[in-house]
Amino acid sequence: VHFPDTERAEWLNKTVKHMWPFICQFIEKLFRETIEPAVRGANTHLSTFSFTKVDMGQQPLRVNGVKAYTENVDKRQIILDLQISFVGNCEIDLEIKRYFCRAGVQSIQIHGTMRVILEPLIGDMPLVGALSIFFLRKPLLEINWTGLTNLLDIPGLKKRSAAMGFWDIFSLFHVELQVRSGLSDTIILDIISNYLVLPNRITVPLVSEVQIAQLRFPIPKGVLRIHFIEAQDLQGKDTYLKGLVKGKSDPYGVIRVGNQVFQSKVIKENLSPKWNEVYEALVYEHPGQELEIELFDEDPDKDDFLGSLMIDLTEVEKERLLDEWFTLDEVCRGKLHLKLEWLTLTTDASTLDKVLTDIRADKGQANDGLSSSLLILYLDSARNLPSGKKINSNPNPLVQMSVGHKAQESKIRYKTNEPVWEEHFTFFIHNPKRQDLEVEVKDEQHQCSLGNLKIPLSQLLSRDDMTINQRFQLSNSGPNSTLKMKIALRVLHLEKQERSPDHQHSAQVKRPSVSKEGRKISVRSQRTASPGAGDSSTAPSTPVPGGGDKPSAEERAQPAEASPPGLRGLGRSSSSLQVGATCSPSHTFVKEPTPSIASDISLPVATQELRQRLRQLENGTTLGQSPLGQVQLTIRHSSQRNKLVVVVHACRNLIAFSEDGSDPYVRMYLLPDKRRSGRRKTHVSKKTLNPVFDQSFDFSVSLPEVQRRTLDVAVKNSGGFLSKDKGLLGKVLVGLASEELAKGWTQWYDLTEDGTRPHMVT
């Protein structure tokens, strides 16, 4: 297959081959002088860790093709995409003498597209200010391990650690890794992502005057808001009676933009599902980046493939707004309805009020809903941190940052009171006029606070370029303890294109379809109207608002012979080396929907259904003060156990989901943590509107930390196996900032449809 814009680079391969022995010397030095000390310091049980052999083999890395971008790029930069491939018979052996454990790697394969950016171009030698290197998306990886099981049995490695050390991360997946070394490849990919996949990058300055921080962590080119609306005419994959009876499907979608992965909820038994979910993704490098979507049918064993779609983001940026039906690739039928908005980042604070009105930020809670702005934070360093619990001992500092329910954490720096992080973080902001950035420096070793600070985001609105770059004095810390950060706020603005009535699209949305052999076939979008119920034929095209009404032709990819395994199957892991049939490792371990920013608290589908049910119940009468009922909770913090204790006692006056009542249970999260491991659930009470649970749950969290968090309590209807009567019965968000938390309290809480404000029937 010939790619006219990709050129062979045999001269480069000959150069790499000649340099390979010296590259191997550098890699060995990196392992012994950088990685080995870091692993030893990460855990006391690893103090005798060492590499006994580092041999990268005789087969050098190859560059299979080079693409140089000449359009849609800044005149002061050069962008190159290198298709790299390494199939090495390397030998990397390690041991931990204390436990007589040995392990190693016999071979490594890695394939991916590495982007090289030369910027800024300058008028003096060496003509280029700096060199930046990163992967656009996670590379494909396969590692042949030896002795992995024995290594994971070392005492202490079963204990959870927040360190980014290699073996500490292994311990988080101890059970899985003991029997499936293939899964370890995906963990290595996560480590690679922390350093070499967008937005992370390696930057080598060639001129001292270059602003290295700006090159390492540039401001995103834009934000893509994805309205994942609905699909129609999907394939029915479920069968009954050993295949004799054809059923429907339980579809869900996986959406990727670079290294960002979102997963929709599952719609049971429906070939025309309506998700109505919204996601927002950062776009750093739109030349060469695509929006990738795959649909699957959820099954108990492996999930069946329902179709895919790839959309060039360069075309989305040109159009600004696309609201279309797209025909799915790699399957014989199926259409997907998307609305895509390209949001530009602006420093004009005067546009914020209009954006807040458009997303209705002035009518709801400050922390939830569509984003009006983006907060970009560059964490540089700290000075003169206190020693922590032990006097005259250096702490292991890390920084925790949060805005509302969203929290992020820096890497750990070991045994230093003047750590340097040089890390980049971003937060989607709903309403900067009401929200604050909370920062806390903690000692990971002793789990104590080293200082904190609170910055109202409204301060940024009046600053030059909406940016603050300074050292901040830490509260509750040493007298001279400071934290250096650069904070920038950017308003997310949807620029509407001025088009003439007879405007035709200047560029069609390209959909490069990745086939099973890894070939990219450039195709065009087919804009079709929503077909009627039961109608699988192609309807007349529906243009983008303001666009032409002429449909474009499409080169359809052939349907796959076999459906790819789902996200639960190892066959679709990133180590499978099948280009175009990979999934994010984060979805290999746990398949869990990504909360939709416009439907988790602000008008979710469950909330809409609940409001409709309330209107039906009202039926001309006035509902009581608590139309959804109440839940009784006891909440207190135990200082001895260092835990938040929540007792779910009972519910009363719940609404009925069916003639037999409801099958309620209570689900809890301690926000902002919404991982599966952070979820707590009661048992299910059958056919009752006044269930009694009397179950106790706890969350491991300190008192100062828990007072900045929120308890998310939802009462749900379980239904039964294959039952459609599943849904939300009511919700409450409990703030935990009270000084009475150490004493505790017992209280009945009113349930509402979104947990945040009293129910009002309109």
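A residue is called buried when its relative accessible area is under 20% and exposed when that area is over 50%, with partly exposed covering the range in between. In this predicted model, Glu-95 has a relative accessible area of 13% and is therefore buried. Its salt-bridge partner makes a pleasing contrast: the side chain of Glu-95 meets that of Arg-102 at 3.3 Å, N to O, and Arg-102 is exposed, with a relative accessible area of 63%.

This pair belongs to a wider set, as the structure holds 30 salt bridges. Side chains of opposite charge can pair when their charged atoms come close. A further example joins the side chains of Glu-315 and Lys-318, with an N to O distance of 4.0 Å. These two residues sit three places apart in helix 7 (residues 313-319), so about one helical turn separates Glu-315 from Lys-318. Here, too, the partners differ in exposure: Glu-315 counts as buried at 5% relative accessibility, whereas Lys-318, at 39%, is partly exposed.

A salt bridge between strands offers another view. Lys-731 pairs with Asp-712, and their closest N and O atoms are 3.8 Å apart. This bridge links distant parts of the chain, with Lys-731 in strand 35 (residues 727-735) and Asp-712 in strand 34 (residues 710-717), 19 residues apart. Both ends are buried: the relative accessible area is 5% for Lys-731 and 1% for Asp-712. Elsewhere, Arg-8, Glu-10 and Arg-62 are joined into one network by salt bridges that share partners.

Turning to the nonpolar interior, the largest nonpolar core comprises 34 residues, of which Leu-291, Leu-295 and Leu-336 touch the most other members. The surroundings of Leu-291 can be followed in some detail. Beyond residues up to four places away in sequence, Leu-291 touches Leu-224 and Ile-226, then Ile-255, Arg-256 and Val-257, then Leu-309, Met-310, Ile-311 and Leu-313, and also Leu-340. A second core, separate from this one, contains 32 residues, including Leu-356, Leu-379, Ile-468 and Leu-483.

Nonpolar side chains also appear at the surface. Phe-26, Leu-30 and Ile-35 form a nonpolar patch there, together presenting about 260 Å² of accessible area. Within this patch, Phe-26 belongs to helix 1 (residues 10-42) and is exposed, with a relative accessible area of 54%.

Two strand residues complete the picture. Ile-455 is found in strand 24 (residues 448-456) and, with a relative accessible area of 5%, is buried. Apart from neighbours within four places in sequence, Ile-455 is in contact with Asp-436, Leu-437, Phe-472, Met-485 and Ile-487. One of these partners, Phe-472, lies 17 residues from Ile-455 along the chain, and 9.8 Å separates the C-alpha atoms of the two.

Thr-346, for its part, lies in strand 18 (residues 335-346). A polar atom of the Thr-346 side chain is 3.1 Å from the backbone nitrogen of Asp-348. With neighbours within four places in sequence set aside, the contacts of Thr-346 are Thr-351, Met-466, Arg-490, Val-491 and His-493.

Definitions and conventions
Residues are numbered from 1 along each chain as its sequence is written. This is a predicted model: local features need pLDDT of at least 70, side-chain atom pairs count only at pLDDT 80 or more; totals for chains, interfaces and linings use all residues. Side-chain values use heavy atoms; hydrogens and water are left out. A nonpolar core is a set of buried Ala, Val, Leu, Ile, Met, Phe, Trp, Tyr and Cys residues joined through side-chain atoms within 4.5 Å. Buried means under 20% relative accessible area, exposed over 50%, partly exposed in between (1.4 Å probe, protein chains only). Contact means heavy atoms within 4.5 Å. Patches are made of residues with over 30% relative accessible area and no salt bridge: like charges are joined within 9 Å, nonpolar side chains (Val, Leu, Ile, Met, Phe, Trp, Tyr) within 5 Å. Accessible areas come from the Shrake-Rupley method with a 1.4 Å probe; for residues, only the protein chains shown count as cover. Helices (H or I, at least four residues) and strands (E, at least two) are DSSP runs, numbered from the N terminus. A polar contact is a pair of N or O atoms within 3.5 Å; within protein, one must be able to donate a hydrogen and the other to accept it, and residues adjacent in sequence count only if both atoms are side-chain atoms.
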